[in-house]
Amino acid sequence: MLLTNLPQKSNGKITGLTAKGKQRRRLLDLGLIPGTTVVAKRKSPSGDPIAYLIRGTVLALRKEETDLVKVSL
């Protein structure tokens with residue numbers, strides 16, 4: 001499943017990235033590394049961005065970024 005579809009307050013494990021080039025580098029630099037546990041913390045009122053807990057840090061990511069990250073429950 002895509003990180004975008006991870007239900008709020010649930011945990012997922014990153015299984016891969018579909019991003020290429022600079023986008024992939026940016027996501028890896030943010031800690032979105034395969035094997036990392038991600039928790040969907042909360043959505044903004046409009047639904048985008050969504051806050052995720054990744055490696056002890058809360059990051060707000062937009063849908064166009066989270067559509068590039070594959071997770072498993």
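**Exercise 1. A lysine with a positive phi**

Task: Locate K9 relative to strand β1, and determine from its relative accessibility whether K9 is buried or exposed.

Solution.
- Step 1. K9 belongs to the segment that precedes β1. The model examined here is a predicted one.
- Step 2. The relative accessibility of K9 is 67%. A residue is termed exposed when this value is over 50%, so K9 counts as exposed.
- Step 3. The backbone of K9 deserves a remark: its phi is near 65°, which is a positive value in a residue other than glycine.

**Exercise 2. The overall make-up of the chain**

Task: State how many helices and strands the protein has, and in which order the elements follow one another from the N terminus.

Solution.
- Step 1. The protein contains two helices and five strands.
- Step 2. Read from the N terminus, the order of the elements is β-α-β-β-β-α-β.
- Step 3. Over residues 1-73, helix accounts for 18% and strand for 38% of the chain, while the end C-alpha atoms lie 8 Å apart.
- Step 4. For 73 residues, a compact globule would have a radius of gyration near 11 Å; the protein has 11 Å, so the value agrees with that expectation. Along the principal axes, the C-alpha atoms fill a box of roughly 30 × 20 × 20 Å.
- Step 5. Of the 73 residues, 37% are buried. Among contacts with a separation of 6 or more, 57% join residues 24 or more positions apart.
- Step 6. As to annotation, an unreviewed UniProt entry assigns residues 1-73 to "domain: Ferrous iron transporter FeoA-like".

**Exercise 3. The order of the strands in the sheet**

Task: Give the order of the five strands in the open sheet, and explain why one side of β4 and of β5 is left without a neighbour.

Solution.
- Step 1. The strands are arranged as β4-β3-β2-β1-β5, with antiparallel pairing.
- Step 2. β4 and β5 (69-72) stand at the edges, and each has a single partner strand; therefore one side of each lacks a neighbour in the sheet.
- Step 3. From one strand to the next, the twist averages 45°.
- Step 4. A general point supports this reading: strands of a sheet pair through backbone hydrogen bonds, in either the parallel or the antiparallel sense.

**Exercise 4. Strand β3 and its two hairpins**

Task: Identify which residues stand opposite L53 in the neighbouring strands, and describe the turns on either side of β3.

Solution.
- Step 1. Strand β3 spans residues 50-54, and four of its five residues are buried.
- Step 2. On one side, β3 pairs with strand β2 (residues 37-43) in the antiparallel sense over five bridges. Here L53 stands opposite V39.
- Step 3. On the other side, β3 pairs with strand β4 (residues 57-61), again antiparallel and over five bridges. In β4, V58 stands opposite L53, and A60 is the bridge partner of A51.
- Step 4. The hairpin of β2 and β3 has six residues between its strands, and G47 in the turn shows a positive phi of about 95°. The loop between β2 and β3 also holds P49, which a cis peptide bond joins to D48, with omega about 10°.
- Step 5. The hairpin of β3 and β4 has two residues between the strands. R55 is found in this loop and has a positive phi of about 55° although it is not a glycine. With a relative accessible area of 56%, R55 is exposed.

**Exercise 5. L59 and the nonpolar core**

Task: Decide whether L59 is buried or exposed, and state which strand gives the most residues to the largest nonpolar core.

Solution.
- Step 1. L59 is part of strand β4. Its relative accessibility is 16%; because buried means under 20%, L59 counts as buried.
- Step 2. Leaving aside residues up to four places away in sequence, L59 touches L30, I50, A51, Y52 and I54. The C-alpha atoms of L59 and G47 are separated by 15 Å.
- Step 3. The largest nonpolar core has 17 residues, of which L3, L27, L32, Y52, I54, L61 and V69 touch the most other members.
- Step 4. β1 (11-17), β2, β3, β4 and β5 each supply at least two residues of this core. The strand sought is β3, which gives the most, with three residues.
- Step 5. V69 may serve as an example: beyond four places in sequence, V69 touches M1, L2, L3, I14, G16, L17, L27 and L32.

Notes:
Residues are numbered from 1 along each chain as its sequence is written. This is a predicted model: local features need pLDDT of at least 70, side-chain atom pairs count only at pLDDT 80 or more; totals for chains, interfaces and linings use all residues. Side-chain values use heavy atoms; hydrogens and water are left out. Buried means under 20% relative accessible area, exposed over 50%, partly exposed in between (1.4 Å probe, protein chains only). Two strands pair if DSSP finds at least two bridges between them. Axes are lines fitted to C-alpha atoms, for helices over the stretch in contact, and angles run from 0 to 180 degrees between N-to-C directions. Contact means heavy atoms within 4.5 Å. A nonpolar core is a set of buried Ala, Val, Leu, Ile, Met, Phe, Trp, Tyr and Cys residues joined through side-chain atoms within 4.5 Å. UniProt positions are given in the numbering used here, feature names are shortened, and annotations may be inferred rather than shown by experiment. The radius of gyration is taken over C-alpha atoms; the globule rule is 2.2 Å times the number of residues to the power 0.38.
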